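Visitor: Could you take me through one part of this protein in detail? I would like a close look at its pockets, and then at whatever helps to place them.

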Amino acid sequence: MGEVIVPTFPASDGKTAPDVSYMEAALQQALLAQAAGEVPVGAVVVCGGEIVGRGYNRPISANDPTAHAEIVALRDAAQRLGNYRLPDCTLYVTLEPCAMCSGAIFHARIARLVYGARDPKTGAAGSIIDLYAERRLNFHTEVVGGVCMEACGRLLSQFFASRRSAKAVAGKEGGRGY
């Protein structure tokens, strides 16, 4: 796969410059996932202006369906902070969380969620369902979407285009592909 250049985007539409900076750190985690052959999603947990948790997708390599970037980052932050509750923290993730990850975000008591690209197939912050708007839940997280959306989306699009291309080549050569 070719090298992906992650551009810096100026803050706009209510997104702060720190949001952009932390999302760029999450994009670096996504590149680690890509290098490992995983879907390139990355996440960081920030508390008091410091990154306290990092994670990237690794369900394939870990043989763990729960090893999404958000879950890995939340586990890392909880271990570092010595608490399963992360009430003063912000989670930055390159892709809108799914329902599983949203549940973990609620249970961790994350104060703020910032995501990059929308997920039209499994997004649980408004694309498919909006768990964050469900008033009957006992905890609510502030949500900001679309930070570095173009870079986050491009990384995913390039990854899947590359996999489709490799699968097509393998099919022509009689291989199994992905």
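Guide: Happy to. A pocket here is an open set of points on a 1 Å grid over the protein atoms alone, with protein on both sides within 12 Å along at least five of seven lines. Please keep in mind that this is a predicted model.

With that in hand, the largest pocket has a volume of about 320 Å³. Its lining is made of 13 residues, and those closest to its centre are Leu95, Asp119, Pro120, Lys121 and Phe160. Helix H5, residues 149-172, gives the largest share of that lining, with 5 residues. Sorted by class, the lining of the largest pocket holds 6 nonpolar, 3 polar and 4 charged residues.

Now to the second largest pocket, which holds about 200 Å³ of space. Here 14 residues form the lining, and Val39, Val41, Asn57, His68 and Leu95 lie nearest the centre. Leu95 is thus a name you have met before: it is among the residues closest to the centre of the largest pocket, and also among those nearest the centre of the second largest one. By class, the lining of the second largest pocket has 7 nonpolar, 3 polar and 4 charged residues.

To place these pockets, here is the whole chain. The protein has 5 helices and 5 strands, and along the sequence they follow the pattern α-β-β-α-α-β-α-β-β-α. It has 178 residues, 43% of which count as buried. About 9100 Å² of the protein is exposed, with carbon and sulfur atoms supplying 53% of that area. Among contacts between residues at least 6 apart in sequence, 56% join residues at least 24 apart.

Helix H1 deserves a look too. It runs over residues 17-35, and at 1.5 Å a residue its 19 residues should span 27 Å; the end C-alpha atoms are 27 Å apart, so the two values agree. Its buried residues include Val20, Tyr22, Met23, Leu27 and Ala30, along with Asp19 and Glu24. After H1 comes Gly37, which has a positive phi, near 85 degrees.

One residue of helix H1 to pick out is Gln29. Its relative accessibility is 11%, and because buried means under 20%, Gln29 counts as buried. Beyond its neighbours within four places in sequence, Gln29 is in contact with Gly42, Ala43, Val44, Arg54, Gly55 and Tyr56.

Conventions: Residues are numbered from 1 along each chain as its sequence is written. This is a predicted model: local features need pLDDT of at least 70, side-chain atom pairs count only at pLDDT 80 or more; totals for chains, interfaces and linings use all residues. Side-chain values use heavy atoms; hydrogens and water are left out. Helices (H or I, at least four residues) and strands (E, at least two) are DSSP runs, numbered from the N terminus. Buried means under 20% relative accessible area, exposed over 50%, partly exposed in between (1.4 Å probe, protein chains only). Contact means heavy atoms within 4.5 Å. Accessible areas come from the Shrake-Rupley method with a 1.4 Å probe; for residues, only the protein chains shown count as cover. The expected span of a helix is 1.5 Å times one less than its number of residues. On a 1 Å grid over the protein atoms alone, a cavity is a set of points where a 1.4 Å probe fits but cannot get out, and a pocket is an open set with protein on both sides within 12 Å along at least five of seven lines; lining residues have an atom within 4 Å of a point. Grid points are joined across faces, edges and corners, and a volume is the space filled by probe spheres set on the points. Ala, Val, Leu, Ile, Met, Phe, Trp, Tyr, Cys and Pro count as nonpolar, Asp, Glu, Lys and Arg as charged, and the others, Gly among them, as polar.
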